Amino acid sequence: QVQLVESGGRLVQAGGSLRLSCVASGRTFSTYRLAWFRQAPGREREFVATIDWGSITYYADSVKGRFTISRDNAKNTANLQMNSLLPEDTAVYYCAASQAIRLTSREYDYAYWGQGTQVTVSS
């Protein structure tokens, strides 16, 4: 089992950058695929990015080229570097962990979730 805690969300102006972090507990962190999802007010939670045990990544089209997901297995952390932020990136961002056998963007493949961190992008 793994517990996830996100941090780094705050108010930022459009065009700015933010780095979200997700710290995980548990000795088997490196065996989980990790992902970031987000949920804007009045909308369903949506996939943002995912990374496997090493460096293979997959992104939603809406963030490709602007966001970068990474992980440090030695520190039990996952990060989401967000550049060129847009007002439509405003959402609560969630870190999630999965033991699926391949990279997945499906919410129900992720059994473990953090509590979320608020990102607000002003225009």
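Student: Why is the disulfide of cysteine 22 and cysteine 95 called left-handed?

Tutor: The torsion about its S-S bond is about -80°, so the disulfide is left-handed. The model is predicted: local features need pLDDT of at least 70, side-chain atom pairs count only at pLDDT 80 or more, and totals for chains, interfaces and linings use all residues. Residues are numbered from 1 along each chain as its sequence is written, and side-chain values use heavy atoms, leaving out hydrogens and water.

Student: What makes cysteine 22 and cysteine 95 a disulfide?

Tutor: The rule asks for a pair of cysteine sulfur atoms within 2.5 Å. Here the S to S distance is 2.2 Å. The pair therefore counts as a disulfide. A disulfide is a covalent bond between the sulfur atoms of two cysteines.

Student: How many disulfides does a search of the whole structure find?

Tutor: The search finds 1.

Student: Which parts of the chain does the pair link?

Tutor: Distant ones: cysteine 22 lies in strand S3, cysteine 95 in strand S9, and they are 73 residues apart. Strands are DSSP runs (E, at least two residues), numbered from the N terminus, while helices are runs of H or I with at least four.

Student: Are cysteine 22 and cysteine 95 buried or exposed?

Tutor: Both are buried.

Student: Why is asparagine 76 called buried?

Tutor: Buried means under 20% relative accessible area, exposed means over 50%, and partly exposed lies in between (1.4 Å probe, protein chains only). Asparagine 76 has 18%, so it is buried. It sits in the loop between strand S7 (67–72) and strand S8 (77–82). Its phi is positive, about 55°, although it is not a glycine.

Student: What makes serine 84 partly exposed?

Tutor: Its relative accessibility is 40%. That falls between the two cut-offs, so serine 84 counts as partly exposed. Serine 84 is in the loop between S8 and S9. This residue also has a positive phi, about 50°, without being a glycine.

Student: How do you know that S1 and strand S3 pair?

Tutor: Two strands pair if DSSP finds at least two bridges between them. S1 and S3 (residues 18–24) have 4 bridges, in the antiparallel sense. They therefore pair. Glutamate 6 has cysteine 22 in S3 as its bridge partner.

Student: Where do the side chains of strand S1 point?

Tutor: They alternate along residues 4–7. Leu4 and Glu6 point to one face and are buried. Val5 and Ser7 point to the other and are not buried.

Student: What is the strand order of the open sheet of 4 strands?

Tutor: The order is S1-S3-S8-S7, with antiparallel pairing. S1 and S7 are the edge strands, since each pairs on one side only. Neighbouring strands are turned by 15° against each other on average, direction ignored. Axes here are lines fitted to C-alpha atoms, for helices over the stretch in contact, and angles run from 0 to 180 degrees between N-to-C directions.

Student: Which strands join S11, and how many bridges do they make?

Tutor: S2 (residues 11–13) runs parallel to S11, with 3 bridges. Glutamine 13 stands opposite serine 122 there. S9 (residues 91–98) pairs with S11 in the antiparallel sense, also over 3 bridges. In that pairing, alanine 91 stands opposite valine 119.
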